[in-house]
Amino acid sequence: MIPFSPPRIDDKIINEVTDTLKSGWITTGPKTKLFEKKLTEFTDSKSTLCLNSATAGLELMLRWFGIGKGDEVIIPAYTYCATANVVIHCGATPIMVDIDEESFNMDTNRLAQAITKRTKVIMPVDIGGLPCDYTKIYDIINAPAVKQQFQANNEIQKQLGRILIMSDAAHSLGATYKGRKTGSLADISVFSFHAVKNLTTAEGGAVALNLPEPFDNEELYKFLCVLSLHGQSKDALAKTKGNWRYDVITAGFKANMTDIQASIGLIELERYENDTLVQRRKIFDYYNSVFKNDSRFITPVFETKDKVSSYNVYLLRINNISEAQRDEIIQKIFNKDVSVNVHFQPLPLLSFYKSLGYKIKNYPQAFDNYKTEISLPVYYDLSDDDMKTVTDAVINSVNEVLG
Ligand SMILES: *Cc1c(COP(=O)(O)O)cnc(C)c1O
C-alpha cells in the first residue's frame with residue numbers, strides 16, 4: 001500500500017531526539033529557542049513563537065487581539081475546521097467567503113463585500129501551499145472607506161487601526177509571493193508542524209510575527225511566551241537560573257512546544273529548502289506531466305508569475321464528475337493499494353457548521369472544487385516507481401468509472 005503522507009523519520013532525526021532525551025531537558029528549552037531563531041531567519045519574519053499546534057497559535061493570537069462576542073472574522077469556506085473553530089472558541093462569528101476556482105484560495109473578488117464594521121480579522125488560508133493574493137487583500141483593508149469603518153475595541157486594535165491579517169499558513173512554509181516568503185507576507189502567519197504537514201515536529205506549530213510600527217515584535221514575542229504558559233512570568237528554564245520566584249500576570253494558556261518536538265523540527269528545517277521542497281516539487285512535476293495534457297483532468301496551480309507553492313497538497317480535479325463518481329474513483333484507487341484523500345470538505349457541508357446556519361448553496365465554487373477533487377500522495381520517500389503506481393492507479397480508476 002502506498003501511504004498518503006508518512007513522515008520522514010531517519011537516523012538523523014532519531015539521533016537528535018535521543019540527544020534531547022539524554023540531555024536532561026525535554027520541555028521548552030534551548031532547542032525550542034534555537035528552532036524559533038532559525039524559523040525567523042528562514043521565513044524572514046520579525047520574531048517567531050513555537051507552540052504545540054497551529055490551532056493553538058491561531059487561537060492565542062485571536063485572543064491577544066481581543067476577539068470575542070460580536071466580532072466577525074473572515075475565513076474561506078474551503079479549509080480545515082481549525083480555521084473556523086478557533087474563531088468560535090473566542091465567541092466570535094466566522095464569516096465564510098467562497099473560493100477562487102483555480103487557486104482554491106479565498107476569492108479576493110468576494111472579500112470586500114464580506115467586510116462589515118464588525119470585521120476585526122481576515123484569515124486567508126494558503127491552500128495546498130499556494131500563497132493567497134496578499135497585495136490585493138491589503139489593498140482592500142487599507143482602502144479609506146474600509147479603514148474608516150473599523151471599530152477598535154481595545155488598545156491593540158487602536159494601535160493597528162485596521163483589520164488584522166492573520167494568515168493560516170499551515171500548508172505554506174517556504175512558499176513565496178512576489179519573491180517574499182510566507183511569514184513575512186501578513187501581520188501574523190501561523191504554520192503547522194502536524195505529522196502530515198511539509199515540515200513536522202509530530203505535533204507543533206509556530207506563530208511568525210510581522211506586525212507594522214508601532215508594534216515591537218520582539219516585546220510581543222516575550223509576552224506571548226508568558227501568555228502561552230499560564231501567564232507565568234518565568235518558564236521552567238528561567239527558574240533553574242537561580243531565582244525561583246515567579247508571578248502570574250494573566251490567566252494564560254498551556255501551549256508551549258517541547259525540546260523533543262523542536263529537535264525534530266531543527267533537522268527538518270535544515271534540509272527543508274534544498275531537499276524536502278526539491279523532492280516535493282519533483283513529485284508535483286511528475287504528476288503534472290501525466291495529467292496536464294489529458295483533458296479529463298484539471299491540474300493544480302503551483303507556480304505563477306507571483307507565486308511559488310510549498311507543494312503541500314497535490315489537488316487534482318477531474319472534469320465534470322459528480323461527487324458520487326469521485327467517491328467511486330477514490331474507492332477504486334484504494335483497491336489498487338494507493339492512499340488518496342480529499343482536501344477539503346467545505347465547512348458548510350459538515351454537521352456542526354450546518355447547525356450554525358451555514359449553507360453550501362452559498363459557496364458554489366467551494367462545492368464544485370470539492371466534488372471533483374482527489375489529493376494524491378506526496379512525501380519525501382515516494383520513489384519514481386511509486387509515483388508511476390499512483391498515476392497508473394488514478395488513470396485506470398478513472399477509465400473504469402467514466403468508461
Ligand atoms: C493542519 C491545519 C491546521 C491545524 O494545524 P494543527 O497544527 O494540527 O493545529 C490549520 N489549518 C489548516 C488549513 C490545516 O491544514
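Select Ala 202 in this predicted model. Ala 202 is found in the loop that runs between strand S8 (188–192) and strand S9. Check its backbone angles: phi of Ala 202 is near 80 degrees, a positive value in a residue other than glycine. Most residues other than glycine have a negative phi.

Next, go to Pro 214. This residue belongs to the loop between strand S9 (205–209) and helix H8 (217–227). Which residue is joined to Pro 214 by a cis peptide bond? The partner is Glu 213, and omega of the bond is about 5 degrees. Most peptide bonds are trans.

A second bond to display is the one between His 343 and Phe 344. Here too the peptide bond is cis, with omega at about 0 degrees. To place it in the fold, look for helix H12 (323–335) and helix H13 (351–355), since Phe 344 lies in the loop between them.

Now select the ligand and show the residues around it. How many residues surround the ligand? There are 16, and the closest are Thr 55, Asp 168, His 171, Ser 192 and Lys 197. Color this shell by residue class: six of its residues are nonpolar, eight are polar and two are charged. Two helices are worth highlighting at this stage, helix H3 (54–64) and helix H4 (82–89), as each supplies at least two residues of the shell around the ligand.

Turn on distances for three side chains of the shell. In Thr 55, a polar side-chain atom lies 2.5 Å from an oxygen atom of the ligand. For His 171, the distance from a polar side-chain atom to a ligand oxygen atom is 2.6 Å. In Lys 197, a polar side-chain atom is 3.4 Å from an oxygen atom of the ligand. How much of the ligand does the protein bury? Taken alone, the ligand exposes 390 Å², and the protein buries 93% of that.

Keep the ligand in view and display the pockets. The ligand sits in the largest pocket, which has a volume of about 510 Å³. The pocket is lined by 30 residues, and the closest to its centre are Tyr 80, His 171, His 194, Val 196 and Lys 197. Coloring the lining by class gives 14 nonpolar, 12 polar and four charged residues. H3 and H4 each supply at least two residues of this lining. Which element gives the largest share of the lining? It is H3, with three residues.

Last, hide the ligand and look for enclosed spaces. The count comes to three cavities of 30 Å³ or more. The largest cavity holds about 120 Å³ of space. Select the residues that line it: there are 15, and the closest to its centre are Pro 6, Arg 8, Lys 197, Asn 198 and Arg 280. By class, this lining has seven nonpolar, four polar and four charged residues.

End the tour by selecting Lys 197 once more. Lys 197 is among the residues closest to the ligand. Lys 197 is also among those closest to the centre of the largest pocket, and among those closest to the centre of the largest cavity.

Technical notes
Residues are numbered from 1 along each chain as its sequence is written. This is a predicted model: local features need pLDDT of at least 70, side-chain atom pairs count only at pLDDT 80 or more; totals for chains, interfaces and linings use all residues. Side-chain values use heavy atoms; hydrogens and water are left out. A residue is near a molecule or strand if one of its heavy atoms lies within 4 Å of it. A polar contact is a pair of N or O atoms within 3.5 Å; within protein, one must be able to donate a hydrogen and the other to accept it, and residues adjacent in sequence count only if both atoms are side-chain atoms. Accessible areas come from the Shrake-Rupley method with a 1.4 Å probe; for residues, only the protein chains shown count as cover. On a 1 Å grid over the protein atoms alone, a cavity is a set of points where a 1.4 Å probe fits but cannot get out, and a pocket is an open set with protein on both sides within 12 Å along at least five of seven lines; lining residues have an atom within 4 Å of a point. A molecule sits in a cavity or pocket if more than half of its atoms lie within 2 Å of its grid points. Helices (H or I, at least four residues) and strands (E, at least two) are DSSP runs, numbered from the N terminus. Ala, Val, Leu, Ile, Met, Phe, Trp, Tyr, Cys and Pro count as nonpolar, Asp, Glu, Lys and Arg as charged, and the others, Gly among them, as polar. Grid points are joined across faces, edges and corners, and a volume is the space filled by probe spheres set on the points.
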